[in-house]
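The following paragraphs offer a guided reading of a protein model, moving from the chain as a whole to particular helix pairs and residues. Please keep the sequence and the structure in view while reading.

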Amino acid sequence: MVQRARLLLPVYLPTFLLAFSQGILIPTLPLYAQQFTPSFGLVSLVVSAAGLGTLLTDVPAGLLLERLGRRRMMLLGTGALALANLGLALAHLYPELVVYRLIAGAGTACWNLSRLAYLTDVVPPAQRGRALSTFGGVNRIGTFTGPAIGGAVGYALGLPAAILLTAALSTGALVLAFVAVPESGLQTRLHHRLRWRVLGDLFRHHWPELLAAGTAQLWAQMIRAGRQIIVPLYGASVLGLDVAAIGSIVSLSAAIDMSLFLPAGVIMDRLGRKFASVPSFAVLSLGMLLVPLAHDYWGLLLATAVMGLGNGLGSGTMMTLGADLAPKEATGEFLGLWRLLGDAGSAGGPLVVGMIADLVGLTLSALALAGIGALAAVTLLAFVRETRAEAPAGSPTRAPAREP
């Protein structure tokens, strides 16, 4: 508990602000993009463009991480997010939306890698599940509060006003990171250059882990990202719900989601990482199967509630698995590759929804995502080793570092 309290200002509070801003975008961004184009495919491109920007930036950011340090990367990431969200709110043409979302994705890559490396530095492995599940829980609290606020602001003041709010929240995260984040990796940063050769070594020596766990990470993030676009589009296009109703559905589901981050952390640290992750994606798949059966507000609420239960069980699981697997001699590079695989899923999920919806409708998009979630659960169960035994109680951190 003391360890997590020390992470409040440098990690958890800025994470909440950014998650809050992203939660605002869940019900508003697809509808905002529809004001620029009627195509589901082009709308999904706007939503997924942030994932594509993150995807393109993950590996370079991982290589730069040890050279620039955790603090500078956090500032770079939050600054890019603040500027991109401001540009998004002021956009006049469809291509601008895609460009600003790509920039936001690049900022997200810098922020995600720096905060995960920072937590890997300062949190002992035996406490890592709880610390990272709390981190995931903070994200979910932001997701809970964001959609309802975003929907209400968009309904009352217009969708651009809701996007402007995300820019203000991102700026707040930038200020907090500047004031509260110390450098945790100075002892390694002084001895690193851009080490492209390390990537080859990682593939040679760790390819089984990257293949098995990375594939699971890919499927997992696809269903997680896909559900964030299919619920607003299904609610608006099939059920005829307005943005405020969709925002309330997403927030009520997120309330269930965020209530499970502490149990998820305890399960990971006491029973094992797979005891939390495998049921998580199985239940997510079940919830996605319920979406095509929804015929009104309450039916869609039930489906998203089940998805919230599944996602909550998996709070922090993929981050914890990546931190466990990262070799100490190449933490930044490994985490860059790990995030690359996950962000490929985050970018691919909305694209799958958009392409299938344009061809054959949103119902089959939901069924495809359900199958992807099942693949994540099966891959984790059958092909990914349990890493909890490698983090015994009292073991030291990956590298000595000054705590915040």
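**From the chain to its helix contacts**

Among contacts in the protein chain with a separation of 6 or more, 87% are between residues 24 or more positions apart. The model under discussion is predicted. Its secondary structure comprises 16 helices and zero strands. The protein chain has 404 residues, of which 60% count as buried.

The interior may be considered next. In soluble globular proteins, nonpolar side chains tend to be buried together. In this model, the largest nonpolar core contains 105 residues. Within that core, the residues with the most contacts are F281, M288 and L300.

L300 offers a convenient point of entry. The residue lies in helix α13, and its relative accessible area is 0%. Because buried means under 20% relative accessible area, L300 falls in that class. Which residues does L300 contact, leaving aside its neighbours within four places in sequence? They are V231, Y234, G235, L239, L241, I249, V291 and A294. A further spatial relation links L300 to G287: the two are 13 residues apart in sequence, and their C-alpha atoms are 9.7 Å apart.

Helix α13, which spans residues 297–313, packs against helix α10, residues 243–258. The angle between these helices is about 35°, and their axes are 7 Å apart. Their crossing is right-handed. On the side of α10, the contact involves A245, S248, I249, L252, S253, I256 and D257. On the side of α13, the contributing residues are Y297, L300, L301, T304, A305, G308, L309, N311 and G312. By class, the residues of this contact comprise nine nonpolar, six polar and one charged. L300 is thus among the residues through which α13 meets α10, and I249, a residue of α10 in this contact, is also listed among the contacts of L300.

L362 presents a second buried position. This residue is found in helix α16, residues 362–383, and counts as buried at 8% relative accessibility. Leaving aside neighbours within four places in sequence, L362 is in contact with I230, L233, Y234, S237, V238, V353 and A357. One of these partners, S237, is 125 residues away from L362 along the chain, yet the C-alpha atoms of the two are separated by 9.1 Å. Y234 appears among the contacts of L362 and also among those of L300.

Attention now turns to the pairing of helix α2, residues 8–34, with helix α5, residues 94–122. Their axes come within 13 Å and cross at roughly 155°. How are the two helices oriented relative to each other? Because angles over 145 degrees count as roughly antiparallel, α2 and α5 are roughly antiparallel to each other. Their crossing is left-handed. From α2, the contact draws on P10, V11, P14, T15, L18, Q22, L25, L29, Y32 and A33; from α5, it draws on L97, R101, W111, R115, Y118 and L119. The class composition of this contact is 12 nonpolar, two polar and two charged residues.

One of the α5 residues in that contact, R115, merits separate inspection. Is R115 buried or exposed? At 10% relative accessibility, R115 counts as buried. Apart from its neighbours within four places in sequence, R115 is in contact with T15, M74, F135 and N139. T15 belongs to the α2 side of the helix contact described above. The C-alpha atoms of R115 and V181 are separated by 9.9 Å, and these residues are 66 residues apart along the chain.

A final helix pair is formed by α3, residues 40–68, and α4, residues 70–89. These helices pack at an angle of about 130°, with their axes 7 Å apart, and are therefore oblique to each other. A61, L65, E66 and L68 of α3 make the contact with R70, R72 and M73 of α4. This contact has four nonpolar, no polar and three charged residues.

How values were computed:
Residues numbered from 1 in each chain as written. Predicted model: local features only at pLDDT ≥ 70, side-chain atom pairs only at ≥ 80, totals over all residues. Heavy atoms only, no water. Core = buried A, V, L, I, M, F, W, Y, C linked by side-chain atoms within 4.5 Å. Buried < 20%, exposed > 50% of the residue type's maximum accessible area, 1.4 Å probe, protein only. Contact = heavy atoms within 4.5 Å. Axes fitted to C-alpha atoms, helices over the stretch in contact; angles between N-to-C directions. Helix = DSSP H or I, 4+ residues; strand = E, 2+ residues; numbered from the N terminus. Parallel < 35°, antiparallel > 145°, perpendicular 65-115°, else oblique. Left-handed = near helix turned anticlockwise from the far one by under 90°. Nonpolar A, V, L, I, M, F, W, Y, C, P; charged D, E, K, R; others polar.
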